[in-house]
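Dear colleague,

I am passing on to you the structure that follows, together with an account of what was found in it. Please have it open beside this message as you read.

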Amino acid sequence: MIRKTLTALTLMLMFCLTIFGTAEAARAKAELLNVSAYNLDRETVRIQIDYRGRLDSSDINLNVSGEKMILDLNDTASGRINRTLGRNIQATNIIDNVSMNNADKTRTQLVFSMIIDFDADGYTANLTADTSGGRNFSRLIIDVERTNKSAIYHPEPSYGDVYGNIDGDLSGRVITLDAGHGGSDNGAVGPSRLTEKEVTLAVALKVERMLAAQGAQVIMTRTTDVDVASPYASNTQELQARCDYANGAEMFISIHCNAFSNPQSNGMETFYSSVNSESYRLAALLNEELLRYGGLNNRGVKTANFYVIKHTACPSSLIELAFITNYEEERLLASDEYQERLAQAIVAAINRFFNGY
Ligand SMILES: [Zn+2]
């Protein structure tokens, strides 16, 4: 009997809380429902904020500064979003984290921590309100987009008929190899389910073997299928853990495969950051040798602000071997023989870099 009364009391209490909660949300013009983000294309990340209700443009305020993007929503209740906030955010390579402040009850603030620096890296954030959703649902869209879309593009470096030695002498050289992705992060996945993380590791291990045979000291960010920081690390922590392996090294090469929604996209490209002036030379040599050994469409040598090449002090390059999303290139990337050729290309470029030819 007593137990029944208690149960009834508990139910009444829960009922009151539900009513109270709803009433609280109903007092605000809008209630947050979901925050998510995805890669729209190679240059753009789209953030979607769904809410119940309607806001006027004067209620919505977006500010970007450095590596923070702050969205203030007046008269908006956070609802139950805390539980799911950030869950669909980290799939992108641009947003590190999102947090929420609603200290004052008439306003909700979303703070996005970015890997990019809006000012330094040439990104903009464009906000559009889509209130066309039926049944009183609305959506805000923030597109974070590179402003300098063409980057600095060097079509094809020309070194004539110089061939890199793949059996040279690299005694005493200290080289860090970063096999992109790993562990909880598959990277891109091809149409036949080949994962980027397995290709990058296979190629990196072949390069390691060849460099070691030439007397180099090779530092690997990973040699097995693992996260370098931890499976629960943020994007920044994971990428910084890879950069940490470049401390004391004379060169850092990060190996990746490209991916795009259009399966026709194809080819190889190499990237450098302007942080170190020697990085362009490294990226150009890698580009030329990958073209020579790999034979794919050359997308060029480009600047980029990828975290791992921006935050390493030594000459560094990030290379995209081929498109894993392209059926034919996925087949090549899966082949041991083709991986061996790609590894030879990287070793040839490293020899040329250190020996100045
Ligand atoms: Zn990648």
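In this predicted model, the contact between helix 3 and helix 8 is made on one side by Ala-202, Val-203, Lys-206, Val-207, Met-210 and Leu-211 of helix 3, which meet Gln-339, Glu-340, Leu-342, Ala-343, Ile-346, Val-347 and Ile-350 of helix 8. Sorted by character, the residues of this contact are 10 nonpolar, 1 polar and 2 charged. Two packed helices are described by the angle between their axes and the distance between the axes. For helix 3, which spans residues 196-213, and helix 8, which spans residues 336-355, the angle is about 50° and the axes lie 9 Å apart. The two helices, helix 3 and helix 8, are therefore oblique to each other, and their crossing is right-handed.

Helix 3 also holds Ala-212, which counts as partly exposed because 13 C-beta neighbours are found inside 10 Å. Ala-212 is separated from Ser-171 by 41 residues in sequence, while the distance in space between the two, C-alpha to C-alpha, is 8.8 Å.

Both helix 3 and helix 8 come up again in the surroundings of helix 7, since the buried residues of helix 7 pack against helix 3, strand 13 (251-258), strand 16 (316-323) and helix 8. Which residues of helix 7 are buried? In this helix, which runs over residues 327-334, they are Glu-329, Glu-330, Leu-332 and Leu-333. They cover an arc of only 160° around the axis, and so they lie on the same side of helix 7.

Helix 4 (residues 235-244) can be described in a similar way, its buried residues being Asn-235, Glu-238, Leu-239, Arg-242 and Cys-243. These cover an arc of only 140° around the axis, which places them on the same side of helix 4. An α-helix has 3.6 residues a turn, so residues three or four places apart point the same way. Among the elements that cover the buried residues of helix 4 are strand 6 (95-101), strand 11 (174-179) and helix 6 (307-310).

Strand 11 leads on to a point about the backbone, for the loop between strand 11 and helix 3 contains His-181. Most residues other than glycine have a negative phi. His-181, although it is not a glycine, has a positive phi of about 65°. Is His-181 buried or exposed? With 25 C-beta neighbours inside 10 Å, His-181 counts as buried, the cut-off for this being 20 or more.

Asp-75 likewise has a positive phi, near 55°, and is a residue other than glycine. This residue, Asp-75, sits in the loop between strand 4 (68-74) and strand 5 (76-77), and it is partly exposed, having 16 other C-beta atoms within 10 Å.

Another residue to look at is Ser-138, which belongs to strand 9 (residues 137-146) and counts as partly exposed because it has 18 C-beta neighbours inside 10 Å. Ser-138 and Gly-53 are 85 residues apart in sequence, and yet their C-alpha atoms are 6.6 Å apart in space.

As for the protein as a whole, it has 8 helices and 16 strands, and 39% of its 357 residues count as buried. Of the contacts with a separation of 6 or more, 73% are accounted for by residues 24 or more positions apart.

With best wishes

Definitions and conventions: Residues numbered from 1 in each chain as written. Predicted model: local features only at pLDDT ≥ 70, side-chain atom pairs only at ≥ 80, totals over all residues. Axes fitted to C-alpha atoms, helices over the stretch in contact; angles between N-to-C directions. Helix = DSSP H or I, 4+ residues; strand = E, 2+ residues; numbered from the N terminus. Parallel < 35°, antiparallel > 145°, perpendicular 65-115°, else oblique. Left-handed = near helix turned anticlockwise from the far one by under 90°. Contact = placed C-beta atoms within 7 Å. Nonpolar A, V, L, I, M, F, W, Y, C, P; charged D, E, K, R; others polar. Buried ≥ 20, exposed ≤ 12 C-beta atoms within 10 Å, placed from the backbone. Arc of directions from axis to C-beta.
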